[in-house]
Amino acid sequence: MPKVEFKANPSPEEIKLLVDSAISSEGMLTIFARCKVHYDGRAKSELGSGDRVIIVKPDGSFLIHQNRKREPVNWQPPGSFVTLEERDGTLVLRSVRRKPKEILEVELDEVYLVSVFRAEDYEELALTGSEAEMAEMIFENPELIEPGFKPLFREKDIGHGIVDILGRDESGNLVVLELKRRKADLHAVSQLKRYVEALKKEHPDVRGILVAPSLTSGAKKLLQKEGLEFKKVEPPKRDRSGRGRQTTLL
């Protein structure tokens, strides 16, 4: 059986065959069509005729996308039961959720393309850890920042904001760490600058280090201009049990 089957401008019989094939072989069904949408469940809704993308996944997920916005305009969750019916010459794709009872029906006025993708994907997403998990990792392994670094406080309120980690280097200088789990931008540098400037009013020697997996080019230039530092650290990865797993400094 091929990985992908598709048909452009299919006849009603070809649509039926491809939908049956997707359901029976647990393939991912995608339909590009002009359609109307009717929903009846915890509320009721009607969506007039328009061009949309319909996606039906093997787990029963049913998604209808318009040509704008990220979220589907109508959807049904995994576990829903999908069928195709013909009513008065019009094909109707029907999704039923049993508890709570919800019915989503799509009248296929004109179908431009139908495809079946028999996808094989057994991986689970490795979620990047939070900034709190980054802080915990650094407290447990301060050498990730530099030799001799000693973290003292986590989420320290200094009156001008909350510092992610406040510590001292091996020379006794106060060190402010601003943590970002993703690529750091100009806003992150501005935060760090504000904290450092506030602490310098009471402490003569204060260093500021932005800790993140990467930097935007603008953030890099601003760090250099302000005399601040950057340390590349990847956040911990969450294993399948959901607990943080330590990673090393790159």
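This is a walk through the predicted model shown above, from its overall outline to individual side chains.

Let us begin with the whole chain. Its 250 residues include a buried share of 40%, and the secondary structure consists of four helices and 15 strands. Along the principal axes, the C-alpha trace spans about 85 × 35 × 35 Å. The radius of gyration tells a related story: the chain has 27 Å, whereas a compact globule of 250 residues would have a value near 18 Å.

With that outline in mind, turn to the backbone. As a reminder, most residues other than glycine have a negative phi, and most peptide bonds are trans. Against that background, the peptide bond from Lys 99 to Pro 100 deserves a look, as it is cis, with omega near -10°. You will find Pro 100 in the loop between β7 (90–97) and β8 (102–117).

Two residues that are not glycine also have a positive phi. One of them is Asp 88, with a phi of about 50°. Asp 88 sits in the loop between β6 (81–87) and β7, and its relative accessibility of 85% makes it exposed, because the cut-off for that class is over 50%. The other is Glu 155, again with a positive phi of about 50°. Glu 155 belongs to a strand, β9 (residues 150–157), and with 58% relative accessibility it counts as exposed.

Now to the charged side chains. Side chains of opposite charge can pair when their charged atoms come close. In this model the count comes to 18 salt bridges, and a few of them are worth visiting in turn.

Start with Asp 51 and Arg 34, whose side chains meet in a salt bridge at 3.3 Å, N to O. This pair links distant parts of the chain, with Asp 51 in strand β3 (residues 44–56) and Arg 34 in strand β2 (residues 28–40), 17 residues apart. Both partners are partly exposed: Asp 51 has a relative accessible area of 44%, and Arg 34 has 31%.

A second salt bridge joins Glu 102 to Arg 97, and here the closest N and O atoms are 2.8 Å apart. How does the surface treat the two partners: is each buried or partly exposed? Glu 102 is buried, at 3% relative accessibility, while Arg 97 is partly exposed, at 22%.

The next stop is the salt bridge between the side chains of Glu 229 and Arg 207, at 2.7 Å, N to O. Glu 229 lies in strand β13 (residues 229–232) and Arg 207 in strand β12 (residues 206–212), so this pair ties together parts that are 22 residues apart in sequence. Glu 229 is partly exposed, with a relative accessible area of 30%, whereas Arg 207 is buried, with 18%.

Salt bridges can also be followed beyond a single pair. Glu 85, Arg 87, Arg 94 and Glu 105 are linked in a network of salt bridges.

Aromatic rings come next. How many aromatic pairs does the count give? The count comes to zero. Rings do have charged company, though. Arg 98 lies over the face of Phe 81, at 5.6 Å from the ring centre. Likewise, Arg 154 lies over the face of Phe 139, here at 4.7 Å from the ring centre.

On the surface, look for Val 4, Phe 6 and Phe 117, which make a nonpolar patch of about 320 Å². Val 4 is in strand β1 (residues 4–8). With a relative accessible area of 45%, Val 4 is partly exposed; since patches are made of residues with over 30% relative accessible area, Val 4 passes that cut-off.

A last stop is Glu 226, in helix α4 (residues 217–226). Glu 226 and Lys 193 are 33 residues apart in sequence, yet their C-alpha atoms are 7.5 Å apart in space. At 29% relative accessibility, Glu 226 counts as partly exposed.

Methods. Residues numbered from 1 in each chain as written. Predicted model: local features only at pLDDT ≥ 70, side-chain atom pairs only at ≥ 80, totals over all residues. Heavy atoms only, no water. Patch = residues over 30% accessible without salt bridge, like charges linked within 9 Å, V, L, I, M, F, W, Y side chains within 5 Å. Areas by Shrake-Rupley, 256 points an atom, 1.4 Å probe, with all protein chains shown as cover. Salt bridge = Lys/Arg side-chain N within 4 Å of Asp/Glu carboxyl O. Helix = DSSP H or I, 4+ residues; strand = E, 2+ residues; numbered from the N terminus. Buried < 20%, exposed > 50% of the residue type's maximum accessible area, 1.4 Å probe, protein only. Phe/Tyr/Trp six-rings, centres within 6.5 Å; stacked < 30°, edge-to-face > 60°. Lys NZ or Arg CZ within 6 Å of the ring centre and 35° of its normal. Rg over C-alpha atoms; globule rule 2.2 N^0.38 Å.
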